[in-house]
Structure formats: structure tokens, C-alpha cells
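Trainee: I would like a close look at one part of this model, the ligand site. Please take me through what surrounds the ligand.

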Amino acid sequence: MVLNFPASGRWISGSGQVLKTVNPATGDINAEIGTPSPEEIADACIFAHQSAASDSWRKLKPHERATYLYRISAAITEDAEDLAQAQMLENGKALKECRQQAASAAATFRYYAAACETLESIVPPNRGNYLTVTTYEPYGVVAAITPWNSPLTMEAQKVAPALAAGNAVVLKPSEVTTLPSLTLARICEKAGLPAGLLTVLPGYGRDIGPTLLARPEIRMVSFTGGTETGRAIAGVAAKRLIPAALELGGKSPHIILDDADIPAACDGVIDGIFEGMGQSCVAGSRLFVPRAKHDQIVAILVEKAEAIRLGQPTGPDTDIGPLSSHHHRDKVEEYVEAARKEGGIVATGGSRPVGAQFDSGAFYRPTIITGLTNSARVCQEEIFGPVLCVLPFDDEDDLVATANDTAFGLACGIWTSDYRRAWRIARSIDAGTVWINTYKQLSIAAPFGGFKESGIGREKGLQGMRLYQQAKSIYFATA
Ligand code: TXE
């Protein structure tokens, strides 16, 4: 049975080529999903535009719009297991992590419902006989283009604030993970969200993306994915003069200073790279350690990496599942081979796990590489897999210069018992997020995004709602 998708106010089968999604843990087909033709994309965008412009959405007071978001949040909580299973089937993340992400999606809708009710317009200081009120208006229709690594959280992070801001959303999920987006759309419908405010267009980026972004109804695009795709989308947005928010890749430095609590730091490093199989934009993939402590730290990390339990995502004892696709595993393997050729020493991992349960899945062992310098290809390019490179440093200046010597600037972790050093280094690192004595803690209330080639714009927090609005200043004469 081919699954339908919500477009133009109903669930349609689409006349594009049918998309098949694959379970990366087993190689089995999960689903066959319809995709839209260019005409159906056009119709869906026109319908979304009408829905955004209709009085029943455009003229709602923010606290009235909030009620929809509260209801979606409650409906996500009710159907959280469906969302978690849908994501697990398609990207192979351990079920327990998928469940946490479904809960986080519900919290995101709740947060933006509250933001809707509390965000204020501005009355700027008055410089003459007039009163100015700055209001924030929606763009109309926003395109949200999302990746496969964490669709549950990333889609909530775009859809919730864009709706809260008064827009309609046309969501283009990754071709690898469409089921979670269809599940979210069902949940929104069940929660009473009016038709046309959330459209889902399944399909390959190269097929859907150019047609979608060329549509005049699309007035803003919010993208999360790889840097090269982001660059292409920015090019289209520049030609059309529409804003593009881009959350892209990373090659984040994770730093252990000589005064750190080493066992705690090593736990943080292991989670920071191997949780979710390293398929996280903020994965701490370059570890900087004091030269004198290099061997001691590597020995601890190897022991911890070898204790990680790989397995089927449904397994109650599974820490990490497979990579999200067999194709992606090939890419990770190529990177490890490239590291070997450049003189890298594989301290652990560097191969597929052996055993019947791993035979047909896209599994790969957590891998730690030493003996390279920061200029090696694996230290410069985003692998997006379970591969950690350990790099020794000599002093703070050398550390900061080398940590910043990358095209990316997404995140950084620092482990130290000296808060002054933590502050100094945190301020010197080019990154949108810095963690001190923790890693990968993320709050919906704090802005998130990248420096340099890691992106443009900030999602999350109150700015994450303003991202989907444009300021308008209205002047009233007072004399
Ligand atoms: O990403 P793409 P891919 C990085 C990571 C990964 C690499 C490639 O390094 O190995 O990117 O992954 C849609 N117009 N990240 O190929 O292509 C596509 O269909 C419009 C980092 O999966 O960026 C999908 O919905 N859309 C990352 C989305 O873009 C297009 C998360 C992301 O896919 C398009 C994922 C086009 N021309 C990968 N081409 C992060 N920052 O978290 C593709 N798409």
C-alpha cells in the first residue's frame, strides 16, 4: 500500500515517483510513500498560502493561536510512541532515544504556545510628535526542509515556532525519514489544526526542492542539513530575495584541560560523539587533550567505547543502533580508510561489528583515531558518524588556534575545574554553543545555530519565533 501525504487540504497519493524507505537495522522496506508532481507542489503551496491568509488563521490573536499549539503538544504526548517508532524504523536510532525526542517535540510545541501568549510588541522611544508601535508579522508560507538524523526534534523546532508566528508550513522531510513527518501531520490534524497549515511533501531533495523553492508563495525557508545543500539553498534564496535560516554541519572541538575531572570528561566525550552514532550536527568529533595526558585519556576512552552496546534499536540494552542508511555507512567507512592512509592509528573500532544480528543492518563500531594532525581530512570534514579523532595540544594559544582552524563553528565542549579558563576559552572559540563540564545539553529556551559555515540564523528560544516573522513599524501622529 502506498502511503498518502497531506497537501492542498487533503491526503493525496501524489503522481510523482513512489518513494521507498528502508529500515537501516534490517535492510527491510518500511513503507512505500507517494510523492508530488510539480503541479501538485504548486497546488499545495497555493492552498497553504490561502490557509495562511485566511481570517481564521491570520486574524487570530496570539493567545488563540497558542491553543492550537497546546493541543498539538498534548496530542504528541498521547501518540508519542507512534512518533518514536516511526523514527526508529527509518533512522535506526535506539528506541529509548527516539522516545526522549518525542517527549522533547511535545515540550517544543508547549514552549512556543507559551511564547505566543507572552511575546510583546515594542513601543520604541518616541523622537517626535508620533508614537511608534513595532509589530511582528508572519511571512505567510514558510518552507521547512529537514534531515534524517533527528526529524522528531528538528521538525518540531521549525514547525512549532513558524505556526506560533502565524505562518503556514510546507515541510519537505528527508527522503530517508518520511514516516515521522507524516505521523506529526496526522497528530496536528487530530489536534484540530486547520487544513493547509501543515503540508508535507515527501520525496528526494533534488526533485522537490527546486520546484518548491521557486514557488512565489514560499516567502522564507528554514533548512537543516549538510553545508553543501545549505549553500545551494542559500543561492536560490538570494536570487528570490527571501530569507534563509540555515543550520548546517559541524566539526566541533571537545576540549579536556589538564585540571579537568578526567573520568567525568571521558564520559562526556563518549556521549558527545557516540550517542546517536555520531549523526548529530553538534557531535564532538575532534577531541583536544593535553599532550602529557594523551595516552592516559585514550586508554580510558577505548575502554568506554568498547563497552558501548551495539544492537537492534528495539533492544532494551541497546546503547546505539545502526547508522541511518547503508549508503551512509559506506561513506563513514571511506573516511576511516582515508584516515588510515594519512597515518591515523585506529585505537578501537574501524570496522563493522560481527554477529548475526548485525549482518543485514548498517552497523559500524565506535571508532577512535589518534596520530593525526588537525589538517587531516577526517579532522576537517564532517563525517557524521561514530568517529572520534584525538589531537594533543601544548598550550592554550595552540589549543584555541587549532580548535578554530576549521570551516565550521557549531559547538564546543570544555572540561576544567577553573571557571576563569572556561570563560576565557569559551569566549575565544568560534561556535554558537559552548558547553562547560557537560556536553550536548540542549534547551528549547536558548538560541541555537552556527558560526562560519555551520549556518546562518538562530533557531530555538524567543528568537526562534522571531525568525519566522518580519518587523513592521506603525506610526501614529500625536500632535
Ligand atoms: O543531507 P542534505 P544528506 C550533513 C552530514 C551528512 C551530509 C549529507 O555531514 O553526511 O550532510 O547528508 C534536502 N533543494 N548533515 O545528503 O542533502 C534533502 O532531501 C532542497 C548535517 O542527507 O543536506 C533533505 O530533506 N532540498 C545535518 C535535506 O535537504 C534539498 C543533518 C537534508 O539533506 C536539496 C543531515 C535541494 N537541492 C546531514 N537537496 C545537520 N546539520 O544536523 C537535498 N535536499
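Where does the ligand lie with respect to domain 1 and domain 2, and why?

Mentor: Keep in mind that this is a predicted model. The ligand lies between the two domains, because domain 1 (2–248 + 453–477) and domain 2 (253–443) both give residues to the shell around it. The space that the ligand takes is the largest pocket. Four elements each give two or more residues to the shell: helix H8 (205–214), strand E10 (218–224), helix H9 (227–240) and helix H12 (326–341).

There are 26 residues around the ligand, and those that come nearest are Trp148, Lys172, Glu175, Lys331 and Glu382. Sorted by class, the shell holds ten nonpolar, eleven polar and five charged residues.

Several polar contacts can be picked out. Lys331 places a polar side-chain atom 2.6 Å from an oxygen atom of the ligand. Two other contacts involve the backbone: a backbone N or O atom of Gly225 is 3.3 Å from a nitrogen atom of the ligand, and a polar backbone atom of Ser174 is 3.5 Å from an oxygen atom of the ligand. As for burial, the ligand on its own has 820 Å² of accessible area, and the protein covers 84% of this.

Terms used
Residues numbered from 1 in each chain as written. Predicted model: local features only at pLDDT ≥ 70, side-chain atom pairs only at ≥ 80, totals over all residues. Heavy atoms only, no water. Near = heavy atom within 4 Å. Polar contact = N/O pair within 3.5 Å; in protein donor to acceptor, adjacent residues only side chain to side chain. Areas by Shrake-Rupley, 256 points an atom, 1.4 Å probe, with all protein chains shown as cover. 1 Å grid on protein atoms, 1.4 Å probe; cavity = no way out; pocket = protein on both sides within 12 Å on 5 of 7 lines; lining within 4 Å. Sits in = over half its atoms within 2 Å of the grid points. Nonpolar A, V, L, I, M, F, W, Y, C, P; charged D, E, K, R; others polar. Domains from an automatic or database assignment.
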